[in-house]
Amino acid sequence: MTRVAVVTGGASGMGEATCHELGRRGCKVAVLDLDGQAAQRVAEELRGDGVPALGVAADVTDRAAVEDAFAKVRTELGPVHILVTSAGLVDFAPFLEISPDRWQRLIEVNLNGTFHCAQVAIPDMLAAGWGRIVMISSSSAQRGSPGMAHYAASKGALISFTRSLAREYGPAGITVNNVPPSGIETPMQHQSQAAGFLPPNEQMAASIPVGHLGTGDDIAAAVGFLCSEEAGFITGQTLGVNGGSVMA
Ligand code: NAD
């Protein structure tokens, strides 16, 4: 059966790689992103590969925009079976320098944005009696991150959110898992390095057990599997894709 997938943050980095992976796995793919032009570009590439795809511009913090975006997806591609939430923001600051606005912004995008998308997507999954949700969290939530307390808190909440939804919707055929990445080369990581918040690649690689950084495709492979038919007995889990940086 052809599944319809929505990937938030699908226009860049690991979200973009996940769009292509889900397309290769036979899904119709909606690329949802704040950057509407980039979302259209990824959707065009998918269509070029023969994948039915739609680019949708939406800010995941805006509930009305999320509802409109999912309505477009339903009209163009059909009801939503798969939701991958990769839209996210990172920020670095010593704890005492995190203003309430800065704290709130990360919670808005990383946590509340995921809440909006999940709440809008789940009714379709309930109607189908089948669903897959994968939230992209972060290794910073697993090990704690000095200078990133707001980011780690927003991502740690996704891990508890995953577990709660997994229990609530397991009986309805919906699995809910999260993938905490670490050391993945994406535009977000390059920006953090350029701003001096992360060390250069060689230094990062030296601290990773496998000895090199990961790619968006490494994340996409795990997410694609968690969204598959075969992964139906896996729910409530946190599957680190991190080259061994965190071993849980
Ligand atoms: P990225 O910056 O390349 O992609 C993120 C995408 O999210 C962008 O296209 C951006 O436009 C979109 N986005 C941001 N705010 C949005 C909003 N309000 N509404 C809709 N879209 C929005 O980053 P990436 O590295 O691919 O990160 C993907 C996810 O992985 C993020 O949630 C990030 O926190 C998490 N993560 C990344 C790493 C890493 O090593 N790169 C590590 C841990 C966690």
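## Ligand shell and the Asp 91 site

Among the 24 residues around the ligand, those that come nearest are Ser 12, Asp 33, Tyr 151, Lys 155 and Thr 186. The model is predicted.

Sorted by class, the shell around the ligand consists of twelve nonpolar, nine polar and three charged residues. Three helices, α1 (13-24), α6 (149-169) and α7 (187-194), each supply at least two residues of this shell.

Polar distances to the ligand are listed below.

| Residue | Protein atom | Ligand atom | Distance |
|---|---|---|---|
| Ser 12 | side-chain N or O | oxygen | 2.6 Å |
| Asp 59 | side-chain N or O | nitrogen | 2.9 Å |
| Val 60 | backbone N or O | nitrogen | 3.0 Å |

The ligand taken alone exposes 830 Å², and the protein buries 91% of that area.

A second site of interest is Asp 91, found in the loop between β4 (82-85) and α4 (100-128). Is Asp 91 buried or exposed? Its relative accessible area is 17%, and because buried means under 20%, Asp 91 counts as buried.

Two side-chain partners make polar contacts with Asp 91. The side chain of Arg 102 is joined to that of Asp 91 by a polar contact of 2.7 Å, and the side chain of His 150 by one of 2.8 Å. With neighbours within four places in sequence left aside, the residues in contact with Asp 91 are Arg 102, Leu 106, Gly 147, Met 148, His 150 and Tyr 151. Tyr 151 thus appears in both parts of this report: it is in contact with Asp 91, and Tyr 151 is also one of the residues that come nearest to the ligand.

Notes
Residues numbered from 1 in each chain as written. Predicted model: local features only at pLDDT ≥ 70, side-chain atom pairs only at ≥ 80, totals over all residues. Heavy atoms only, no water. Near = heavy atom within 4 Å. Polar contact = N/O pair within 3.5 Å; in protein donor to acceptor, adjacent residues only side chain to side chain. Areas by Shrake-Rupley, 256 points an atom, 1.4 Å probe, with all protein chains shown as cover. Helix = DSSP H or I, 4+ residues; strand = E, 2+ residues; numbered from the N terminus. Nonpolar A, V, L, I, M, F, W, Y, C, P; charged D, E, K, R; others polar. Buried < 20%, exposed > 50% of the residue type's maximum accessible area, 1.4 Å probe, protein only. Contact = heavy atoms within 4.5 Å.
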